[in-house]
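Please open the structure in the viewer and keep the selection panel at hand. The tour proceeds from selection to selection.

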Amino acid sequence: MDIYSAVTLVTLIVFLFLLALILRDGRTRMHRLFLVYLVASAGWSLSAFMINSRVLPGQLPYWGTILPVCGLWSVVAYWHFICGFTHRRAVTWVRLGYTFIAALAVLAAWGFIPQTLEYLSSGGVHIEYGPWMYFMGVGGGLFTALSVLYLVQRYRSLRDSLSRNRVIYLLVGVFLLAVFSLRTALPPFPKYPIEHVGHLANALIITYAIMRYKLLDIKLLARKGLAYSSVVVFITASYLLMLLGLHYFVRNWTNSASLAAILAMAFVMAMLFNPLRALVQKGVDRLFYMETYEYRQLVLTFARRMSNVIDLDELAEAMLKPIAKAVNATQASLLLPRNDDFGSEFAERLVEAEPIMPIKLGKDSPVVNWLAREDEPLSRELIDIAPEFKGLWEVERNTIEGVDIELLVPMKSKGKLVGILALSKKESGGQYSSDDIDLVTTLVHEAAVAIENAQLYAQARERAHIDELTGLYNHRYFHERLDEEISRCSRFGDIFSLLFLDLDLFKMYNDVYGHLAGDDILREIGQYVRGTIRAIDMAFRYGGDEFTIILPQASLDDARTVAERIRKRIESEMDYKGIALTCSMGIASWPTEGVMREEILQAADAALYHSKQAGRNRISLAADVTRSRAAGTVGNLEGEPGVLSTIYALAATVDAKDHYTYGHSKKVSRYATEIAEALGYSEERIATIRAAALLHDIGKIGVSDGILLKTNALSADDWESIRAHPKLGVAILKHVGGLSGCLAAIQYHHEHYDGSGYPAGLKGENIPLDARILAVADAYDAMTSLRPYREGKLSPEQAMDEIERCAGTQFDPDIAKAFTAQKEGQMSKGAKARRSPVETHGRR
């Protein structure tokens with residue numbers, strides 16, 4: 001075999017190897033185009049090998065006819081592959097290229113090409129194309145030049161180094177292909193296979209680019225190939241062994257019996273193929289995917305697991321978390337249609353501690369239009385280079401770049417775009433493989449109908465929660481959301497404020513102008529309120545001309561700011577229209593004004609009533625209204641012997657459970673009263689905190705004596721019982737008339753200033769002030785009294801040092817400072833009083 005035959009054979013083997021790799025992966029346009037190029041190049045190398053190796057010398061004219069056709073076809077097919085790589089359609093040029101090939105094939109079939117084809121006595125081959133060489137040269141040169149042009153333009157449009165490197169490799173391959181192919185245009189036919197060296201170099205460069213930059217998904221091909229080849233080898237070996245065994249043991253069988261046995265064994269092997277392949281594929285997948293395998297299985301079983309789920313939150317969680325883990329996406333976002341855009345309603349980060357990056361795309365965005373039109377994923381690469389995305393709004397381009405979006409996948413149901421799955425860059429920084437894209441596409445196809453049904457269900461639920469006249473939420477939904485907000489804040493230690501709004505003199509306006517005009521006013525008020533509050537705030541029509549607003553995470557000061565903004569907006573709008581309507585508002589804060597739903601509703605309503613009584617068109621805080629009323633009630637308990645007797649009886653019951661804490665409630669009440677006096681509390685508020693201190697441990701009635709008197713460390717179950725006593729205390733006392741002002745202090749006196757306490761984990765000034773006072777008073781008495789779980793007790797000085805040390809973490813720094821200053825003053829006076837008789841005696 002001469003060098004020409006050897007080089008063409010090696011080139012043929014390389015092209016056949018690449019063909020074998022992608023035959024199972026021809027699902028995208030680029031893969032299919034690359035497959036065509038490989039077929040043409042393999043045909044060219046095969047014909048050259050057959051001509052020069054003289055394997056079948058009688059077929060020389062046949063291979064001589066194929067050689068020029070496949071040569072030009074490989075150049076045009078490579079250019080077509082470059083079109084796919086650079087996302088160009090170029091329909092006219094494609095038709096022109098294949099017209100060139102068809103014309104050349106006709107000329108070859110009629111015997112015009114080649115004009116001379118013969119073996120030389122020296123061992124070479126003499127081929128003459130005559131003037132048709134120029135025809136082939138023009139066609140090949142034109143499409144090679146177009147390949148270079150497209151790649152250069154692509155390189156200039158790209159910004160990231162990874163994508164540019166991929167283009168550079170292909171440019172180098174085209175350059176080598178062009179340089180070495182030029183030699184074929186210069187007669188006589190070269191002695192060495194220079195043009196095939198160029199094609200071999202190009203094939204090797206493409207192979208390297210495939211392996212390094214994943215132009216094709218080698219992992220997918222290897223995974224499938226390993227499973228299939230393993231099963232084929234096993235089935236074949238098993239079948240051969242069975243044949244050998246049959247031949248050895250049943251030599252006396254007839255030919256028909258042997259044939260029947262052979263066919264039966266072949267049938268058994270064929271039936272075993274798919275089960276064995278599935279089993280082996282599962283093991284191979286585990287080997288390849290490792291820690292992501294389980295997440296991929298969750299994605300693949302999404303339809304079966306979630307077929308009956310119509311809750312959008314549950315569907316999004318079941319969809320986003322597994323897909324982010326399965327493909328190692330730094331963020332997976334589900335964009336759903338809203339009024340004028342697609343926004344990321346749900347998102348999951350690969351690293352959960354990292355912040356979620358929001359995404360918003362306008363419904364008339366080129367990206368959304370493309371996704372609505374096409375049925376395939378949109379890559380970041382295509383967004384960067386395709387002409388139709390040049391008009392992408394700057395804010396959307398910045399969003400895509402800021403979130404590092406690499407893939408946008410349309411979710412369609414009956415041809416309608418119902419959602420978009422957006423995947424940010426992979427954690428490894430690489431590109432999404434075709435296997436990843438297949439997995440994501442499978443997921444969105446299965447999830448699209450479920451997501452649409454969940455959206456329809458959510459819309460139906462929302463319509464059921466909406467007041468048709470004002471567009472705000474209705475009265476029934478208000479109570480649901482209020483319960484949910486109380487539950488959420490209790491669980492996470494948060495706060496919220498509740499605002500009641502009532503239109504002033506609206507009944508008179510209705511009587512004068514009629515109900516239709518009144519409805520118009522209510523509709524406008526709903527718009528004003530909705531346009532003034534934050535996105536997380538929730539506005540409701542409570543009934544008639546009364547509205548409510550839940551303000552999550554808003555303090556009283558924040559709520560007052562929002563309320564004042566609404567009041568001024570309504571006043572100015574009505575004044576501008578010449579309508580004598582204003583509004584009055586009342587504000588209550590949870591848990592300061594109450595921990596139960598009824599309590600905070602009563603507090604907000606009382607504040608609203610106060611605004612009405614004080615002259616309308618104003619805002620009142622429940623802290624200035626309901627607390628004084630509640631405190632006044634407790635302050636007058638001496639006139640209500642029934643309630644007062646209840647307080648002392650309950651306090652005595654708690655003290656009697658534990659002789660170590662006997663008198664504890666009274667001492668805490670005394671310390672709390674002293675702190676309240678030092679902070680300038682009124683007489684009524686001092687009476688409230690005195691009662692709260694007496695009852696702060698009433699919930700321990702429900703704690704067993706075995707736990708209260710336990711001398712060793714408490715178990716987790718013991719602590720659970722201990723931590724439940726504040727809530728139990730509130731549950732007991734909320735039914736006792738006159739004690740509503742004590743409930744917040746009792747429920748939260750074990751909260752810590754840094755948020756590490758219980759039962760709700762409240763932090764800082766979110767803890768009611770009375771509860772912060774009780775915390776200091778309770779801790780001081782506990783440290784200076786005997787307890788079953790420790791030996792001895794602290795001196796007053798040591799206890800005060802401990803309170804000062806824990807100021808800012810366990811205790812409110814201001815209250816701790818006020819208490820220690822007061823105790824130091826008391827101890828100083830006591831010391832002087834004790835020294836006075838001694839000094840007198842000495843002087844005598």
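The stops below cover two sheets, the helices packed on them, and several single residues.

This is a predicted model, in which local features need pLDDT of at least 70, side-chain atom pairs count only at pLDDT 80 or more, and totals for chains, interfaces and linings use all residues. Residues are numbered from 1 along each chain as its sequence is written, and side-chain values use heavy atoms, with hydrogens and water left out.

**First sheet**

Select the open sheet with the order β5-β4-β3-β8-β7-β6, whose six strands pair in the antiparallel sense. Helices (H or I, at least four residues) and strands (E, at least two) are DSSP runs, numbered from the N terminus; two strands pair if DSSP finds at least two bridges between them. At the edges are β5 (360–362) and β6 (378–379), each of which pairs on one side only.

Next, display β3 (residues 331–337) with β8 (residues 416–424): four bridges join these antiparallel strands. Leucine 334 stands opposite leucine 421 in β8.

Now add helix α12 (residues 312–327), which packs on the sheet and touches β3, β4 (341–349), β7 (405–413) and β8. Contact here means heavy atoms within 4.5 Å. The direction of α12 makes about 145° with that of β3; axes are lines fitted to C-alpha atoms, for helices over the stretch in contact, and angles run from 0 to 180 degrees between N-to-C directions. Helix α16 (residues 434–465) also packs on the sheet, touching β3, β7 and β8, at about 50° to the direction of β7.

**Second sheet**

Move to the open sheet of five strands, ordered β10-β11-β9-β12-β13, where the pairing is mixed. Its edge strands, β10 (538–543) and β13 (619–621), each pair on one side only. From one strand to the next, the twist averages 20°.

Strand β10 runs antiparallel to β11 (residues 546–552), with five bridges between them. Methionine 538 stands opposite isoleucine 550 in β11.

Select helix α21 (residues 597–613), which lies across β9 (496–504), β11, β12 (582–590) and β13, at about 150° to β12. Tyrosine 609 is found in this helix. Is tyrosine 609 buried, partly exposed or exposed? Tyrosine 609 is partly exposed, because its relative accessible area is 49% and the class lies between buried (under 20%) and exposed (over 50%), using a 1.4 Å probe and protein chains only.

**Cysteines**

Finally, select cysteine 70, which is buried at 9% relative accessibility, and cysteine 489, which is buried at 0%. The structure holds zero disulfides, a disulfide being a pair of cysteine sulfur atoms within 2.5 Å.
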